[in-house]
Amino acid sequence: MKKYTLLFIIITSLKLGATHIVGGEIMYKYVSKSNGFVKYNVTLLVYIDCDNGSATAIAQDEKGSINIFAYDPVNKSYSNYSSSALQGTRTGPITISDLNYNCIKNKPKICVSQYTFNLDITVAANTGGYVLSFERCCRNNSINNIISASTTGATFWTKIPGVNSVAINSSPVFKSLPPNFMCANAPLNFDHKATDADGDSLVYELYTPYTAPNSNGFAKTNPSNYSFVSWANGYSLNNQIDGLPTLSINRKTGKLSITPTKVGQFAVGIKVLEYRNGVLIGETKRDFQFNVNNCVFDVVSSFGVPYYNCTENDVVFQNRSQGGTSYHWDFGDDSLKTDTSNLQSPTYTYKRDGYYSVLLIAKTAFCADTSTFDIYVKRNFKVKLGNDTIICGPFSELLNTNTPNKNYQWNTGQNTVFIDINKGGTYIVAVTDAPCIARDTISIINDLTRLELGPDSVICRDSFIAFDYIIASGYKQYIWSDGSNDIKVHIPKLDKYWLEVTNINGCVSRDTINFVLYPPPKINLNDTLFCRNTSVVLDGFNYNSNTILETNYTWSTGEITPKITVSQPGQYNLKVRNRLCTIYDSAKLDYIVTGLDLGKDTFYCGPVRRLLVPHQNYLNYRWQDFSEASTYLANSPGLKKVTITTQEGCVESDSIRLTEYPNVDGGLGNDTAICLSTTLELKASDGMVSYLWNTGATSRSIFIKDAGLYEVTVKNSNNCVVSDTITIKENGDAMPTEMYMPSAFSPNDDGVNDVFPGNQYKDPGTDYLLRIYNRWGETVFESKHPAMQWNGTYDSKAAPQDVYLFYVKYMGCDENAHWVRGTFTLTR
């Protein structure tokens with residue numbers, strides 16, 4: 001029978017990259033002590049991929065290189081104890097062949113061997129002890145759970161305690177070889193127990209493996225600089241292999257458990273800690289690559305259940321077995337013989353708290369598989385803080401868990417069995433009695449609502465008039481001193497009244513109000529329009545003859561006199577208060593709008609001429625030249641100013657500055673004509689800041705070959721803009737500056753290319769001459785007019801098909817003489 005507890009492990013085909021080492025560990029054994037020196041026998045175990053490992057790399061590891069570092073507890077630093085690594089002699093290998101599974105049909109073809117390196121070392125007795133290490137690069141690049149595995153090395157190390165703090169010591173030794181493979185979705189319990197020659201207490205844990213420098217061969221790193229591997233996304237110290245449940249180790253027994261859920265290769269760290277008299281003195285670490293395969297089973301026994309039950313003693317067991325046809329459960333209750341079941345997924349009621357080892361046998365007709373799972377059953381306690389409640393008014397309350405001798409954590413940060421509170425809120429407590437936790441929450445609403453009718457109410461009137469007094473809504477019940485129970489009460493006379501209300505939370509509150517009569521101040525401020533550059537007196541005097549006490553004035557300007565003088569438009573607010581009454585008034589002041597506006601300063605590109613019209617019917621006008629007309633014709637540059645008087649007597653002035661700039665000329669000149677194939681430059685006026693042609697060009701000049709209308713818009717530095725146009729015509733009869741001469745012609749009377757050169761020019765200009773020569777230099781044709789062209793005859797006979805030379809001289813339309821020489825072919 002194999003036992004599975006809490007966790008299980010898996011495997012896939014072991015395919016290593018360019019490396020061969022898949023794990024290792026270092027142990028030491030005390031031998032003797034003499035003359036201040038201590039002798040130890042050191043063992044290095046290295047696990048090798050004997051299927052895919054590099055033979056060269058395996059041979060390179062024939063001598064195990066072990067580094068020794070001495071620890072200085074005063075300076076808290078390590079130093080090399082020996083200048084070079086010590087070499088151990090290799091023995092082995094031992095092939096790992098244990099099966100670890102029942103009912104398996106296809107055992108994976110995995111080969112993992114253990115090599116042993118053994119040597120004796122003698123070191124000086126010291127207080128700090130020594131670190132023994134073996135470093136090697138690199139791990140398999142196919143490892144799933146660490147980042148950049150192919151460039152991540154491995155460091156196997158252990159520490160020998162100082163002999164002055166520990167008399168003698170030998171490290172713990174794992175008693176079993178690690179499993180050479182695991183099966184996906186199959187539970188595995190592996191006995192990872194260690195033995196200790198000194199009888200020290202042993203505790204088992206997982207740890208994060210250590211890396212080594214990315215270098216070929218071996219390394220020697222100071223222990224102060226040891227670093228952990230970097231976990232890949234989703235992996236961590238507590239989740240080194242994908243599993244359900246994930247990988248775990250029993251701290252007391254060393255039982256390693258997992259049910260792997262993913263095929264792959266995983267670097268795992270397992271260590272045993274060594275305690276003597278409650279003090280940690282050493283540890284042995286095993287760094288090993290676990291390989292998870294898909295396996296085929298006849299039957300697999302597997303089940304899930306919480307490790308402990310803190311709510312009830314009824315435990316529901318979830319059967320996760322594969323291939324089983326019948327099942328037998330033993331629930332581990334040694335006090336009963338009836339604690340069994342043959343149901344697939346049963347529920348069992350435990351009578352008492354405690355640890356139980358549950359067994360499940362899954363059977364087929366051919367095989368039976370057994371798994372065990374340790375659970376801890378504990379009846380949970382309950383915490384009751386009381387019901388949610390509403391408290392009216394200030395209070396002090398004690399919240400008590402009534403669960404002594406446990407651990408407490410309130411959301412207020414306190415950790416006592418009870419807390420004293422004096423305000424509303426939600427209070428949460430978690431009470432722990434490991435491994436069980438009980439929680440409770442209480443919500444307390446502290447209603448501090450208090451009826452506020454306000455201070456005694458002064459009625460600021462000259463005489464009393466009965467009225468209805470209304471308070472804020474939202475209360476559930478109203479009771480007035482006159483017995484009414486409405487939101488409002490009728491006030492028939494000056495007197496004292498009380499009101500008692502009950503709100504929606506049932507909280508009762510009472511308040512009293514007394515109504516008295518007092519004459520208010522009387523003032524009268526009016527909105528006013530006034531002229532610019534004048535002032536207005538605002539009079540806020542209290543003229544209520546019933547007011548006999550001192551009156552206080554407060555203006556929004558900060559002044560405190562009854563009258564103020566202001567010269568700016570705006571709203572002016574006044575607060576007037578006698579002994580008990582306050583009133584407010586305001587006056588809005590604004591300028592009389594004259595409407596005078598001559599416009600903005602402007603400029604003219606050329607002579608100034610502008611009629612200035614003030615746009616109003618004013619009482620009188622006076623311009624800068626002392627004229628008094630209602631309009632002014634400006635025909636010269638300069639500052640023009642008018643002063644007007646309105647019908648209300650307001651005097652106001654306005655001015656405008658008119659600037660004159662010279663006219664702008666586009667500079668294109670008169671319309672003109674060009675001959676065919678002629679390029680003409682059109683040039684606008686110089687010194688402009690911008691140019692825009694109707695061709696889209698923005699340069700001062702453009703070059704044209706075609707007839708048409710050309711327009712340019714220019715702007716000078718004074719922002720004066722003008723457009724200019726020029727019309728260009730073509731003279732098609734004029735001789736060009738560049739004459740086209742064909743390379744062949746065919747005088748066969750077909751109407752196409754029958755003459756040479758075949759151009760259409762009709763104006764001979766001056767000095768036109770065309771000569772054609774045969775290959776012997778004879779002149780076969782001569783013309784002094786472009787309309788006279790060669791038809792391919794010589795001496796009244798058809799000239800033969802051949803290559804001929806031509807020479808043409810003419811005066812172009814650019815009034816320059818031009819010569820063209822070349823050859824052409826006569827074809828028939």
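Which residue of strand 6 is the bridge partner of Ile 94? In strand 6, that partner is Gln 114. The model is a predicted one: local features need pLDDT of at least 70, side-chain atom pairs count only at pLDDT 80 or more, and totals for chains, interfaces and linings use all residues. Residues are numbered from 1 along each chain as its sequence is written, and side-chain values use heavy atoms, with hydrogens and water left out.

Start with the strands around Ile 94. Strands are DSSP runs of E with at least two residues, numbered from the N terminus. Two of them pair if DSSP finds at least two bridges between them. Strand 5 (residues 86–95) is joined to strand 6 (residues 112–124) by 5 bridges, and the two run antiparallel. Strand 5 also pairs with strand 3 (residues 63–72), again in the antiparallel sense, over 4 bridges. There, Gly 64 stands opposite Gly 88 of strand 5.

Now move to strand 63. Strand 62 (residues 802–811) runs antiparallel to strand 63, and 10 bridges join them. Tyr 804 faces Phe 824 of strand 63 in this pairing. Strand 57 (residues 744–745) runs parallel to strand 63 (residues 817–826), with 2 bridges between them. Ala 744 has Thr 825 as its bridge partner in strand 63.

Next come the disulfides. A disulfide is a pair of cysteine sulfur atoms within 2.5 Å. The whole structure holds 7 of them. One of these joins Cys 183 to Cys 295, with an S to S distance of 2.1 Å. The link of Cys 183 and Cys 295 is left-handed, with -80° about the S-S bond. Cys 183 lies in strand 10 (residues 182–183) and Cys 295 in the loop between strand 17 (279–293) and strand 18 (303–304), so the pair ties together parts that are 112 residues apart in sequence. Why does Cys 183 count as buried? Its relative accessibility is 0%, and buried means under 20% relative accessible area, exposed over 50%, partly exposed in between (1.4 Å probe, protein chains only). Cys 295 also counts as buried, because its relative accessibility is 15%.

A second link is formed by Cys 460 and Cys 581, their sulfur atoms 1.9 Å apart. The link of Cys 460 and Cys 581 is left-handed too, with -100° about the S-S bond. Distant parts of the chain are linked here: Cys 460 is in strand 33 (residues 457–460), Cys 581 in the loop between strand 43 (570–577) and strand 44 (582–591), 121 residues apart. Cys 460 counts as partly exposed, because its relative accessibility is 30%. Cys 581 is buried, at 0% relative accessible area.

A third disulfide joins Cys 531 to Cys 650, S to S 1.6 Å. The torsion about its S-S bond is about -75°, so this disulfide is left-handed. Cys 531 sits in the loop between strand 39 (528–530) and strand 40 (536–539), and Cys 650 in the loop between strand 49 (638–645) and strand 50 (651–661), so the pair ties together parts 119 residues apart in sequence. Cys 531 and Cys 650 are both buried.

Finish at Thr 389. Thr 389 belongs to strand 27 (residues 389–392). Thr 389 counts as partly exposed, because its relative accessibility is 33%. Contact means heavy atoms within 4.5 Å. Leaving aside neighbours within four places in sequence, Thr 389 is in contact with Ser 443, Ile 444 and Ile 445. Thr 389 and Gly 424 are 35 residues apart in sequence and 9.6 Å apart in space, C-alpha to C-alpha.
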